[in-house]
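Here is a short walk through one protein model. Keep the sequence and the 3D view open as you read.

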Amino acid sequence: FPYIDTLKILEKWGPGCQFYGNGSAEDLDDLEKRCARGERFLALFCEFPGNPLLKCPDLRRIRALADQFDFAVVVDETIGNFLNIHVLPHADVIVSSLTKVFSGDSNVMGGSSILNPSGRFYKRLKEIMGLEYEDNYWAEDALFMERNSRDFIARIARMNRNAEVICDCLKASRYVKDVYYPKYSSTRSFYDQYRTPAGGYGGLLSVTFRTRLEAIAFYDALETAKGPSLGTNFTLSCPYTLLAHYTELSWAAQYGVEPELVRMSIGLEDAAALCSAVERALAAVAQVELS
């Protein structure tokens, strides 16, 4: 299940798309059957891991299907990031939002696109980029992006550790229904295939509760910054589904994205302080149960 704009852009521009919202083996079975019947696809777009359920697709199988049926594989690794995962060998193009954790300071925007030089489409894509690419990145933005990225390695390591601490805190609570994080996902094996030797599981997680009122109590009491972005140096929380899919809540729910889901992008704060903030929010959930 991808970030909303990835899907909407593909639906609104170009020849259209076939959406596989679960990214499951059954979805890939269907894709393989379509291709075997002669249906053609230009490219498969996926996130690694996805947003907000943090599930990972089977990239090795996707790569095999792409080679067999001649389509490109485009992977958005923004949430995993290239310090935690190395997916280039099984992708033709890797894209990433540098606005997020690569910068971290929330004062500059940018993005990157990397072509796999060993990919079958590299020569053609390189030629097209040479013809169409326009370098209009503002000089001061480039300066701020470079400056912000200097401690990227240290920040990622700390965010990885902090996120695991928060996951453990949430998973220990009887008020929590589910915690979505690559380490605890049913698709962890796919993530681990691409995890770097020093890599962790990232700084993004989602949590759900048993009732709507409990989710509201948790979010309202959660003492973090509130907003829809991710990868900031400070912890940032949001009612993700309500913000991203407010007009299509039932559609999102059929893919397991619950309306009351709370997404947390974990920052660089002291881990104990973050855990205390989460515990206070969980205490607010307990009050809902008592009332």
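The largest nonpolar core of this predicted model holds 50 residues. Three of them touch the most other members: Phe71, Leu170 and Phe218. Which helix gives this core its largest share? Helix H11, residues 271–290, does, with seven residues.

Take Phe218 as a way in. Leave aside its neighbours within four places in sequence. Phe218 is then in contact with Leu170, another of the three residues named above. Val207 and Phe209 also touch Phe218, as do Val262 and Met264. Val278, Ala281, Leu282 and Val285 complete the list. Another core lies apart from the largest one. This other core has 13 residues, including Tyr180, Ala244, Val257 and Leu261.

Now turn to the sheets. One is an open sheet of five strands, in the order S5-S6-S9-S8-S7. Its pairing is mixed. Strand S5 (176–180) and strand S7 (225–226) are the edge strands, and each pairs on one side only. Further in, strand S8 (residues 236–238) pairs with strand S9 (residues 262–265). The two run in the antiparallel sense, over three bridges. Look for Cys238: it stands opposite Arg263 in S9. Helix H6, residues 152–171, packs on this sheet. H6 touches S5, strand S6 (204–209) and S9. The direction of H6 makes about 10 degrees with that of S6.

Another open sheet has four strands, ordered S1-S2-S3-S4. Here too the pairing is mixed. Why is one side of strand S1 (43–47) and of strand S4 (111–115) left without a neighbour in the sheet? Both stand at the edges with a single partner strand each, so one side of each has no neighbour there. Neighbouring strands of this sheet are turned against each other by 15 degrees on average, direction ignored. Strand S2 (residues 72–76) and strand S3 (residues 93–97) pair in the parallel sense, over three bridges. Asp76 has Val95 in S3 as its bridge partner.

Last come the rings. The structure holds 15 aromatic pairs. One aromatic cluster is formed by Phe48, Tyr181, Tyr184, Tyr191, Tyr194 and Tyr201. Tyr184 has a further partner: Lys171 lies over its face, at 4.6 Å from the ring centre. What sits over the ring of Trp251? The charged end of Lys8 does, 5.1 Å from the ring's centre.

Notes: Residues are numbered from 1 along each chain as its sequence is written. This is a predicted model: local features need pLDDT of at least 70, side-chain atom pairs count only at pLDDT 80 or more; totals for chains, interfaces and linings use all residues. Side-chain values use heavy atoms; hydrogens and water are left out. Two strands pair if DSSP finds at least two bridges between them. Axes are lines fitted to C-alpha atoms, for helices over the stretch in contact, and angles run from 0 to 180 degrees between N-to-C directions. A nonpolar core is a set of buried Ala, Val, Leu, Ile, Met, Phe, Trp, Tyr and Cys residues joined through side-chain atoms within 4.5 Å. Buried means under 20% relative accessible area, exposed over 50%, partly exposed in between (1.4 Å probe, protein chains only). Contact means heavy atoms within 4.5 Å. Rings of Phe, Tyr and Trp (its six-membered ring) pair if their centres lie within 6.5 Å; planes under 30 degrees apart count as stacked, over 60 as edge-to-face and the rest as tilted. A charge sits over a ring if NZ of Lys or CZ of Arg is within 6 Å of the ring centre and within 35 degrees of the ring normal.
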